[in-house]
Amino acid sequence: MEHLTYVFKGGTRTLARQADVVGVVGSGNLEVLIESAPLEGDCSIAIATAAEGFGAIWEAVMTDFQARWQLRDARIAINDMGATPAVVSLRLDQAVETMLEAR
Amino acid sequence: MISYLESSYLEATARERLQRLFDPGSFQEFLPPSARVVSPHLGQLNAPVAFDDGVAVGRAQLAGRTVFVAAQEGGFMGGAVGEVHGAKLVGMLRRAIDEAPDAVLLLLETGGVRLHEANAGLIAVSEVMRAVLDVRAAGIPVIALVGGANGCFGGMGIVARCTNAIVMSEEGRLAMSGPEVIETASGVEEFDARDRALVWRTTGGKHRYLLGDAQALVADSIDAFRAAALAQIDAASSRPVALTLAALEAEHALLTDRYERFGHVREPMELWRAIGVTDPEALPLMEADVFVERVDAVRLGAR
């Protein structure tokens with residue numbers, strides 16, 4: 001397992017209070033737990049992945065994600081079992097969309 | 001118009017089943033993923049964990065009735081029961097005894113014990129069995145729903161048979177040892193786990209319904225499971241909910257009779273013919289409602 005953490009500053013979009021989880025920790029899939037949290041404006045993403053050595057790709061996918069959504073005071077945790085970057089992006093977008101619908 | 005993917009029980013995740021089977025927005029989860037109570041064993045093995053350890057438990061409304069519910073996620077380690085997963089099931093069942101809901105529904109999809117967790121998983125499953133019987137002893141019916149792609153196997157297959165009733169779809173499977181386990185232990189001559197038609201003839205919902213192991217056989221739709229679960233909850237009130245000695249003796253008599261009459265049969269279709277199905281080869285292709293109508297007069301264990 002490899003553990004990666006990314007913190008983004010300067011986001012503008014806050015989320016509903018409630019936490020939500022999307023996806024399943026199955027082969028080639030992942031779960032995303034998303035919740036709003038008082039992080040002084042930060043968006044924090046913690047990843048636990050079974051596929052080691054892909055830090056640079058994770059960083060690119062997370063940077064793209066934050067560029068799309070501009071989250072602030074958001075905590076995201078990911079349990080990954082070898083999902084491809086496209087699946088990771090899809091699940092992250094689903095997670096945010098679920099939280100925005102709940103508002 | 002609802003698409004097949006939206007209505008299929010088989011294709012839905014555990015959480016999608018909870019959202020769609022119960023009254024909209026009524027599911028309240030105990031120990032949700034945000035509590036992050038994960039397996040202590042998988043991390044030690046450097047394996048991925050899930051924030052809910054593969055099961056969601058809580059309370060919900062079903063056509064206005066209050067029910068307690070558990071839904072296993074087959075996508076995470078085949079729905080297998082680890083220490084936390086099992087403790088969540090037991091905790092929900094014990095809380096049901098305290099709060100006396102109208103019923104407990106178990107949405108089972110599992111290969112049984114999570115072998116990574118060895119003894120902790122085995123103990124957890126035995127505790128679940130005891131807790132199910134305690135819930136029944138408290139007068140609360142327990143209904144199992146089996147319609148996921150991973151079926152219901154191992155110790156959790158026994159748990160399913162400890163409930164008041166099992167609702168299955170044709171796609172659902174229920175047994176103790178799974179096909180691969182039998183093939184590995186006894187050889188491919190005994191059981192060819194890659195023969196999918198044989199696997200379903202032997203463990204699938206239609207066979208279980210014919211044998212009297214399942215009390216309802218429904219189409220693969222969340223609405224059909226919902227309707228059948230409601231019917232089983234209502235039917236439970238007309239019989240003793242607790243496991244009685246008389247019911248246990250009747251079950252043993254049924255199993256003894258089954259073994260004596262069919263213990264030598266090598267092929268499920270022969271068994272179906274032996275109990276009085278005139279065209280057994282037609283059964284696998286029948287829609288659920290047509291099938292039920294055709295076999296209800298001859299199926300074993302009909303009450």
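Here is a walk through the two chains of this model, starting with chain A, moving on to chain B and ending where they meet.

A few ground rules help. This is a predicted model, so local features need pLDDT of at least 70 and side-chain atom pairs count only at pLDDT 80 or more, while totals for chains, interfaces and linings use all residues. Residues are numbered from 1 along each chain as its sequence is written, chains are lettered from A and ligands numbered from 1 in the order in which they are written.

Let's begin with chain A. Its strands form an open sheet of five, in the order S1-S4-S5-S3-S2, with mixed pairing. Helices (H or I, at least four residues) and strands (E, at least two) are DSSP runs, numbered from the N terminus, and two strands pair if DSSP finds at least two bridges between them. Strand S1 (2–8) and strand S2 (20–23) of chain A sit at the edges with a single partner strand each, so one side of each is left without a neighbour in the sheet. From one strand to the next, the twist averages 15°; axes here are lines fitted to C-alpha atoms, for helices over the stretch in contact, and angles run from 0 to 180 degrees between N-to-C directions.

Now look at S2(A) beside strand S3 (residues 30–36) of chain A: they pair in the antiparallel sense over four bridges. Within that pair, Val22(A) stands opposite Val32(A).

Two helices of chain A lie across this sheet's strands. Helix H1 (residues 55–69) of chain A lies across S1 and strand S4 (43–49) of chain A, at about 30° to S1(A). Helix H2 (residues 85–101) of chain A lies across S2 and S3 of chain A, at about 35° to S3(A). The helices also pack on each other: the angle between H1(A) and H2(A) is about 30° and their axes are 10 Å apart. H1(A) passes H2(A) in a right-handed crossing, meaning that the near helix is turned clockwise from the far one by less than a right angle (anticlockwise would be left-handed). Residues making the contact include Ile57(A), Phe65(A) and Trp69(A) of H1(A) and Val88(A) and Leu92(A) of H2(A); two residues are in contact if their C-beta atoms, placed from the backbone, lie within 7 Å. By class, the residues of this contact are eight nonpolar, one polar and one charged. Ala, Val, Leu, Ile, Met, Phe, Trp, Tyr, Cys and Pro count as nonpolar, Asp, Glu, Lys and Arg as charged, and the others, Gly among them, as polar.

On to chain B. Here an open sheet of seven strands follows the order S1-S2-S3-S4-S5-S6-S7, again with mixed pairing. Strand S1 (28–30) and strand S7 (216–218) of chain B are the edge strands, each pairing on one side only. The twist averages 25° from one strand to the next.

Strand S5 (residues 142–146) of chain B is a good place to pause. S5(B) runs parallel to S4(B), joined by five bridges, and parallel to strand S6 (residues 165–169) of chain B, joined by four. Ala144(B) stands opposite Leu106(B) in S4(B) and has Ile166(B) as its bridge partner in S6(B). Five of the five residues of S5(B) are buried, so the strand is largely enclosed by the rest of the structure. A residue is buried if 20 or more other C-beta atoms lie within 10 Å of its own, exposed if 12 or fewer, and partly exposed in between, with C-beta atoms placed from the backbone. Val142(B), Ala144(B) and Val146(B) point one way from S5(B), while Ile143(B) and Leu145(B) point the other way. In a regular strand, side chains alternate like this between the two faces of the sheet.

Next come helix H4 (residues 83–99) and helix H5 (residues 118–137) of chain B, which pack at an angle of about 15° with their axes 9 Å apart. H4(B) and H5(B) are therefore roughly parallel (an angle under 35 degrees; over 145 is roughly antiparallel, 65 to 115 roughly perpendicular and the rest oblique). Their crossing is left-handed.

Finally, where do the chains touch? Twelve residues of chain B are in contact with 15 residues of chain A. The chain B side of that contact has seven nonpolar, four polar and one charged residues.
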